[in-house]
Amino acid sequence: MRVRVGYNNKVLPYILVAPQILITLVFFIWPASQAIYQAVQRQDPFGLRTRFVGLDNFAAILEDPGYLNSLSVTAIFSLSVAALALGLALLLAVSADRVIRGATTYKTLLIWPYAVAPAIAGVLWMFLFNPTIGSISFVLKALGYNWNHLLDGNQAMILVVLAATWKQISYNFIFFLAGLQAIPKSLIEAAAIDGAGRTRRFWTIILPLLSPTAFFLLVVNIVYAFFDTFGIIHAVTSGGPARATEILVYKVYYDAFEALDLGGSAAQSVILMAIVISLTVVQFRYVERRVHY
């Protein structure tokens, strides 16, 4: 027999969800609707005159070589950050799950970078790799490697990937460690008694049981690489050199506030929103099939 649960007070459910609906309307629906409205308008740089241009802004963007370059830069940057941040965080979580002496100190040190703001993290890595005064660039020069991310696009990309990965590892580490500690030890001990080695136990027991956590973190890391790394890019390279690190969200900012192309920038933000929604749908449609709940 199926029991239906409900509220006696018909108004109470709407009151309970009202704060969440209000926050969604103010911080997502309203800005998104404004971006769509601005995307079909063309304004003068001072915002004094506006005229409707339909899809002209979108057509101009898709024919712009600079925008196509930002698409490829964003793809390389996002995949690199997600792969490195997830892989290193899983490795650290597995190590922390085994550490007995000094475990609390070890975990605390790993979580600290999450408290650092993205712009501060970018400034920290910029000084470390500064070609003139950076300590790491000094060591690289002593080893015979000439580091100058201000002139070399590949080095600039490596630097922003390292900074963004370092910032995100702590977040992934917390979830991976919680997932590892939720796995019943009896399963691992039974596999060990049956003769399964450490590597086989990880691939056949631990990793499948961690797949829901890994899938959640994959979605979060892709969104992080697309949006939350703006402060790092702005502090470290400002999209340079020669647009080598100009990801989509930074190009949206540059075209709006530096080039004063408000309509084109709004159209880019609409396309960026569509890309992220499409990626999330694809991940839930295809990647989630490999997740075992």
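This report walks through the salt bridges, the largest pocket and the aromatic pairs of a predicted model.

**Salt bridges**

Let's start with the charged side chains, where the count comes to four salt bridges. Three of them are set out here, with the closest N to O distance for each.

| Salt bridge | N to O distance |
|---|---|
| Lysine 251 and aspartate 64 | 3.9 Å |
| Aspartate 97 and lysine 185 | 3.5 Å |
| Lysine 251 and aspartate 255 | 3.3 Å |

Take a look at lysine 251, which shows up in a bridge to aspartate 64 and in another to aspartate 255. What do the shared partners add up to? Asp64, Lys251 and Asp255 are joined into one network by these bridges.

The two bridges in that network span the chain in their own ways. Lysine 251 sits in helix 11 while aspartate 64 sits in the loop between helix 2 (56–62) and helix 3, so this pair ties together parts that are 187 residues apart in sequence. Lysine 251 and aspartate 255, on the other hand, are both in helix 11, four residues apart, which puts about one helical turn between them.

Are the members of this network buried or exposed? Lysine 251 has a relative accessibility of just 2%, so lysine 251 counts as buried, the cut-off being under 20%. Aspartate 255 is buried too, at 10%. Aspartate 64 is partly exposed, with a relative accessible area of 27%.

Now for the bridge between aspartate 97 and lysine 185. This pair links distant parts of the chain, with aspartate 97 in helix 3 and lysine 185 in helix 8, 88 residues apart. Both ends are partly exposed: aspartate 97 has a relative accessibility of 27%, and lysine 185 comes in at 42%.

**The largest pocket**

Asp97 and Lys185 turn up again here, since both are among the residues that line the largest pocket. The space inside that pocket is about 340 Å³. Other lining residues include Val94, Arg98, Leu180, Glu189, Arg201 and Phe202.

Which helices supply at least two residues each to the lining? They are helix 3 (65–98), helix 8 (185–193) and helix 9 (198–228). Helix 9 gives the most, with four residues. As for chemistry, the lining splits into six nonpolar residues and six charged ones, with no polar residues.

**Aromatic pairs**

On to the rings: the whole structure holds 11 aromatic pairs. One of them brings together phenylalanine 129 and tryptophan 147, with 5.0 Å from centre to centre and 50 degrees between the planes, a tilted arrangement. The two residues come from distant parts of the chain, 18 residues apart. Phenylalanine 129 lies in the loop between helix 5 (118–128) and helix 6 (135–142), and tryptophan 147 lies in the loop between helix 6 and helix 7 (153–182).

Both of these rings belong to buried residues, with relative accessible areas of 6% for phenylalanine 129 and 4% for tryptophan 147. They also have company, as Phe129 and Trp147 form one aromatic cluster with Trp125 and Trp166.

Back in helix 11, there's another pair to look at, made up of tyrosine 250 and tyrosine 253. Why does this pair count as tilted? The planes of the two rings meet at 55 degrees, which is neither under 30 nor over 60, so the pair is tilted. The ring centres are 5.5 Å apart. The two tyrosines are three residues apart in helix 11 (residues 248–258), or about one turn of the helix. Tyrosine 250 is buried, at 3% relative accessibility.

Key:
Residues are numbered from 1 along each chain as its sequence is written. This is a predicted model: local features need pLDDT of at least 70, side-chain atom pairs count only at pLDDT 80 or more; totals for chains, interfaces and linings use all residues. Side-chain values use heavy atoms; hydrogens and water are left out. Rings of Phe, Tyr and Trp (its six-membered ring) pair if their centres lie within 6.5 Å; planes under 30 degrees apart count as stacked, over 60 as edge-to-face and the rest as tilted. Buried means under 20% relative accessible area, exposed over 50%, partly exposed in between (1.4 Å probe, protein chains only). On a 1 Å grid over the protein atoms alone, a cavity is a set of points where a 1.4 Å probe fits but cannot get out, and a pocket is an open set with protein on both sides within 12 Å along at least five of seven lines; lining residues have an atom within 4 Å of a point. Grid points are joined across faces, edges and corners, and a volume is the space filled by probe spheres set on the points. Ala, Val, Leu, Ile, Met, Phe, Trp, Tyr, Cys and Pro count as nonpolar, Asp, Glu, Lys and Arg as charged, and the others, Gly among them, as polar.
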